[in-house]
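User: Please take a close look at one part of this model. Start from a single residue and work outward, step by step.

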Amino acid sequence: MKAVIIGGGVSGTVTAMALRLAGIEASVHEAYPSGGEDAGAFLTIMHNGMDALRAIGAEAPVIDNSFAAVGLELVTPDGKTVERRSFDLDGTDGLAGPRTLTRASLYRALQEEAISRGITFERGKRLVSASPGVARFEDGSVAEGDILIGADGLRSVVRTIIDPACPPPRSTGLDVVYGYTTDTNIPQAPSLYRMIQSLHASFGYTSTPDGSTYWFARLPTAEGVRTGLSAAEWRSAAFAAFDGEPLPAAEIIQSTGDDVFGGHSYDVPSTPVWFNASMVLVGDAAHAASPAEGQGASMALEDSVVLAQCLRDLPDAPTAFMAYERLRRARVEKLVAGSAAVSSGTTSDRDRNWLYQHHIEWDATITRN
């Protein structure tokens, strides 16, 4: 079997590595010359994401390019800390916990690891159409394979090929702004996520071992209000949301230069059709979540490994795809719904064990039932 993977981000790259470990040839075809449209953001790979990487022996590059995230604090608009939570949970066997890094660093680390394992990447390959056995790209080239795996993210082309009637991504009602500052005079949160709920928006930040600060702001905004903004304009929008409040958010934003990135946030609450006889979706292409739970990348990593196991153990692609959906759909849709509830402020559920304690045993055999 040969797999053609569309998308060289987190899910596409790790799917290729997992397939190779399963004895299945795979090539990756990435639309962007390098990185991706959201490469300016940062993220945390949680326990379950690190577990998925560990299942295929790919955790080391992520650990080497990241720093530990040990827990979080929740702070109210008046500056009162109402909760402190450690990420060192029972049931994770003392293995490497969450790691924070930029998305660009994650792309680079995973892609370099995949290439070192003999996986081929073709860049600048934007998919325009596909039929069984053939993927066609904007530049006129084609790729041939037995199966096509759509790892092409929120605006997945493969999703619409599988099901032209699939619902579009849904606005979360939030603009999300990410920024980075090297100013060590601002309040620090070493390896800790300090989450501030202000009167008008929410803000979170963490500090690296060298004293730099990564921050994000979630600004309630209708879709289309802010488009085409420069780094300075995104910084100003974030600053305005917190200016005058007795919390460090505005101070941190003000200390930031042009290392600022922003955009509107969307999710995909449910994709009715995940696969057909020769095509299947992984990661955000199947189930994009809002960033509130910090689980998008980790869920994509789980998908990648489980899909490879299914293709390894079951007799044909349709049977494998059916088992993959059976194993994944309920879990990821629960996450998307929970993340949407957190984004909208309609839940305070603190139970994350069902997320963090998920474990994948690579040598376990997948059955059709």
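Analyst: **Ser265 and its surroundings**

Ser265 has a relative accessible area of 7%, so this residue is buried (buried means under 20% relative accessible area, exposed over 50%, and partly exposed in between, with a 1.4 Å probe and protein chains only). This is a predicted model, where local features need pLDDT of at least 70, side-chain atom pairs count only at pLDDT 80 or more, and totals for chains, interfaces and linings use all residues. Residues are numbered from 1 along each chain as its sequence is written, and side-chain values use heavy atoms, with hydrogens and water left out.

Ser265 belongs to strand 17, residues 260-267 (strands are DSSP runs of E with at least two residues, helices are runs of H or I with at least four, and both are numbered from the N terminus). What does Ser265 touch, leaving aside its neighbours within four places in sequence? The contacts are Arg170, Ser171, Thr172, Leu174, Val176, Ser290 and Pro291 (contact means heavy atoms within 4.5 Å).

Now move along the strand. Phe261 also lies in strand 17. With a relative accessible area of 35%, Phe261 is partly exposed. Not counting residues up to four places away in sequence, Phe261 touches Gly40, Val176, Val177, Tyr178 and Tyr180. Val176 is thus named for Phe261 and for Ser265. Val280 is another matter: 19 residues separate it from Phe261 in sequence, and the C-alpha to C-alpha distance is 31 Å.

Phe261 leads to a group of rings. One aromatic cluster is formed by Phe42, Phe67, Tyr178, Tyr180, Tyr214, Phe216 and Phe261. The whole structure holds 12 aromatic pairs (rings of Phe, Tyr and Trp, the last by its six-membered ring, pair if their centres lie within 6.5 Å; planes under 30 degrees apart are stacked, over 60 edge-to-face, and the rest tilted).

Take Phe42 and Tyr180. Their ring centres are 5.8 Å apart and their planes meet at 65°, so this pair is edge-to-face. Phe42 sits in strand 3 (residues 42-45) and Tyr180 in strand 13 (residues 170-181), so the pair ties together parts that are 138 residues apart in sequence. Phe42 counts as buried because its relative accessibility is 7%. Tyr180 counts as buried too, at 12%.

Phe42 has a second partner. The rings of Phe42 and Phe216 have centres 6.4 Å apart and planes at 50°, so that pair is tilted. Phe216 is in strand 16 (residues 213-220) and Phe42 in strand 3, so the pair ties together parts that are 174 residues apart in sequence. Both Phe42 and Phe216 are buried.

Go back to strand 17 for a last ring. Which charged end sits over the ring of Tyr266? It is that of Arg155, 4.6 Å from the ring centre (a charge sits over a ring if NZ of Lys or CZ of Arg is within 6 Å of the ring centre and within 35 degrees of the ring normal). Elsewhere, Arg126 lies over the face of Tyr32, 5.4 Å from the ring centre.

One helix completes the tour. Helix 2 (residues 47-55) is mostly covered, with eight of its nine residues buried. Among the buried ones are His47, Met50 and Leu53. Just after helix 2 comes Gly57, with a positive phi of about 70°.
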